[in-house]
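Trainee: Could you take me through one part of this model in detail, namely the aromatic residues and what surrounds them? I would like a connected account rather than a list.

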Amino acid sequence: MNVIELVTDLFKGNKLENEMPLHIGEVMNLWTFLTATENFMNSELVALNTVENPQLRRKMLELIEGYHKPIIIDIENLLLSEGVELPKKPVEKPQLKMSVPAGGKMTDEEVANLVMFNLVWAINFCGRGLTEAVRQDVATLFVKAIVQKAGFSVTLKQLLMEKGWLTYPPPYRNLGMETKS
């Protein structure tokens, strides 16, 4: 299987498939992903108000402006063009520079891991949306989101590793395979 050809064919689209009405699963997946992305972005905007690390601030702004907002617009445009009512938007959060004492806010490490969790959830959910999509425009939207969020998560993970913030399970040791002394 040539992955490049597969992705190229996907992005070419099939006009006939795109003229089909969205099926209920496609609508539900798009609607759910839209709602989740808006709420993830909102929680990240709130957390951004107290993030102190400048590298983390830049990464979060890159995620919000470069990934969340464009995919929200793409999904909204698709749903509206199909006559689907959009979910209620969360109240927009202002960007503030606040001094909040420890204990009253998340640490930069906690914020970074929350953002990483949001990305993992989004990538997994987009995989579901992709596999359940019949229309190529819907599948393409989910592929685009997977590729963008996976690519971004690699750079975010590098920052987390550099700062010692990455949360991961302990190393696996197969106790049954260890030799006894």
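Mentor: What follows begins with the chain as a whole and then turns to the aromatic residues, the cavity and the pocket. Please keep in mind throughout that this is a predicted model. The protein chain holds six helices and zero strands, and along the sequence its pattern reads α-α-α-α-α-α. Of its 181 residues, 38% are buried, and among the contacts with a separation of 6 or more, 84% join residues that are 24 or more positions apart. The exposed surface of the protein chain comes to about 11100 Å², of which carbon and sulfur atoms supply 61%.

Against that background, the part you ask about can be taken ring by ring. Five aromatic pairs are found in a search of the whole structure. In one of them, the ring centres of Phe40 and Trp121 are 5.5 Å apart and the planes stand at 80°, so the pair is edge-to-face, the cut-off for that class being over 60 degrees. Because Phe40 belongs to helix 3 and Trp121 to helix 5 (residues 108–132), this pair ties together parts that are 81 residues apart in sequence. As for their surroundings, Phe40 is buried, with a relative accessible area of 17%, whereas Trp121 is partly exposed, its relative accessible area being 28%; the boundary that separates these two labels is 20%.

A second pair is made by Tyr67 and Phe152, whose ring centres are 5.3 Å apart and whose planes meet at 55°, so the pair is tilted. This pair, too, links distant parts of the chain, since Tyr67 is in helix 4 and Phe152 in helix 6 (residues 136–163), 85 residues apart. Phe152 is buried, with a relative accessible area of 1%.

Phe40 and Trp121 also belong to one aromatic cluster, together with Phe33, Phe125 and Phe142. Two residues of that cluster, Phe125 and Phe142, are touched by Asn29, which also touches Arg128, Gly129 and Glu132, when residues up to four places away in sequence are not counted. Asn29 is placed in helix 3 and is buried, with a relative accessible area of 2%.

Phe33, Phe40 and Trp121 appear again around an enclosed space. The whole structure has one cavity of 30 Å³ or more, and the largest cavity contains about 50 Å³ of space. Its lining consists of Phe33, Phe40 and Trp121 together with Thr37, Glu44, Leu63, His68, Asn118, Leu119, Ala122 and Lys149. By class, this lining of the largest cavity divides into six nonpolar, three polar and two charged residues, and helix 3, helix 4 and helix 5 each supply at least two of its residues.

Helix 3 and helix 4 also take part in an open space. The largest pocket has a volume of about 260 Å³, and of the 13 residues that line it, Met41, Asn42, Leu45, Lys69 and Glu92 are the closest to its centre. Helix 3 (24–48) and helix 4 (54–81) each supply at least two residues of this lining, with the largest share, four residues, coming from helix 3. The lining of the largest pocket comprises six nonpolar, two polar and five charged residues. Helix 3 is thus a useful thread to follow through the model, as it holds Phe40 of the edge-to-face pair and the buried Asn29, and it contributes to the linings of both the largest cavity and the largest pocket.

Terms used:
Residues are numbered from 1 along each chain as its sequence is written. This is a predicted model: local features need pLDDT of at least 70, side-chain atom pairs count only at pLDDT 80 or more; totals for chains, interfaces and linings use all residues. Side-chain values use heavy atoms; hydrogens and water are left out. Buried means under 20% relative accessible area, exposed over 50%, partly exposed in between (1.4 Å probe, protein chains only). Contact means heavy atoms within 4.5 Å. Accessible areas come from the Shrake-Rupley method with a 1.4 Å probe; for residues, only the protein chains shown count as cover. On a 1 Å grid over the protein atoms alone, a cavity is a set of points where a 1.4 Å probe fits but cannot get out, and a pocket is an open set with protein on both sides within 12 Å along at least five of seven lines; lining residues have an atom within 4 Å of a point. Grid points are joined across faces, edges and corners, and a volume is the space filled by probe spheres set on the points. Ala, Val, Leu, Ile, Met, Phe, Trp, Tyr, Cys and Pro count as nonpolar, Asp, Glu, Lys and Arg as charged, and the others, Gly among them, as polar. Rings of Phe, Tyr and Trp (its six-membered ring) pair if their centres lie within 6.5 Å; planes under 30 degrees apart count as stacked, over 60 as edge-to-face and the rest as tilted.
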